[in-house]
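Got a few minutes to poke around a chain with a guide? Have a look first, then we'll talk it through.

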Amino acid sequence: MSTIVKKIVIPPDHKINLDLEFPPESITGEVEMTIIIKPKGPALGKDGKPLNRMAELRGIYKGQVWMSDDFDAPLEDFKEYM
């Protein structure tokens, strides 16, 4: 079994022509070929937006969350434990 890796860009019409050159030591004749598609970067829908749910949620609370300036200051209630 041989592995051939070829990076391609899938165009909007989703049609590609594979021009593969097999190594000379590979067998000839009828073979079965499996194509595994691994997206590089976020997968995009037809509207061009990411399909990844986490990517959709990124930044939705911007400007709505705040932290007190003394957040890391020691608490009076725990002075005896420090």
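What follows is a chat between a visitor and a guide about this predicted model.

Visitor: How many helices and strands does the protein chain have?
Guide: Not much to tally here. Strands come to zero. For helices, the count is one.

Visitor: What radius of gyration does the protein chain have, next to a compact globule of 82 residues?
Guide: Start with the yardstick: a compact globule of 82 residues would sit near 12 Å. The C-alpha trace here spans about 80 × 35 × 15 Å along its principal axes. As for the radius of gyration, the protein chain has 27 Å.

Visitor: What share of the 82 residues is buried?
Guide: To count as buried, a residue has to have under 20% relative accessible area. The protein chain exposes about 9,200 Å², with carbon and sulfur atoms supplying 56% of that. Of the 82 residues, the buried share is 2%.

Visitor: Is S26 buried or exposed?
Guide: You'll find S26 in the segment before α1. Its relative accessible area is 19%, and the cut-off for buried is under 20%. So S26 counts as buried.

Visitor: Which residue's backbone oxygen does the side chain of S26 reach?
Guide: Stay with S26, in the segment before α1. Its side chain reaches a backbone oxygen at 2.7 Å. That oxygen belongs to P23.

Visitor: Which residues does L20 touch, not counting those up to four places away in sequence?
Guide: L20 is also placed in the segment before α1, and at 25% relative accessible area it is partly exposed. One of its partners is 16 residues away along the chain, with the C-alpha atoms separated by 8.4 Å. Leaving out residues up to four places away, L20 touches I4, K6 and M33.

Visitor: Is R53 buried or exposed?
Guide: R53 lies in helix α1, which covers residues 53-57. Its relative accessibility is 52%, and exposed means over 50%. That is why R53 counts as exposed.

Visitor: How far apart in space are R53 and K79, C-alpha to C-alpha?
Guide: In sequence, R53 and K79 are 26 residues apart. In space, C-alpha to C-alpha, the separation is 44 Å.

Visitor: How far apart do the centres of the positive and negative side chains lie?
Guide: The protein chain carries 11 positive side chains and 14 negative ones. Take the centre of each set, and the two lie apart by 9 Å.

Terms used
Residues are numbered from 1 along each chain as its sequence is written. This is a predicted model: local features need pLDDT of at least 70, side-chain atom pairs count only at pLDDT 80 or more; totals for chains, interfaces and linings use all residues. Side-chain values use heavy atoms; hydrogens and water are left out. Helices (H or I, at least four residues) and strands (E, at least two) are DSSP runs, numbered from the N terminus. Buried means under 20% relative accessible area, exposed over 50%, partly exposed in between (1.4 Å probe, protein chains only). The radius of gyration is taken over C-alpha atoms; the globule rule is 2.2 Å times the number of residues to the power 0.38. Accessible areas come from the Shrake-Rupley method with a 1.4 Å probe; for residues, only the protein chains shown count as cover. Lys and Arg count as positive and Asp and Glu as negative; His and the chain ends are not counted. The place of a charge is taken as NZ of Lys, CZ of Arg, CG of Asp or CD of Glu. A polar contact is a pair of N or O atoms within 3.5 Å; within protein, one must be able to donate a hydrogen and the other to accept it, and residues adjacent in sequence count only if both atoms are side-chain atoms. Contact means heavy atoms within 4.5 Å.
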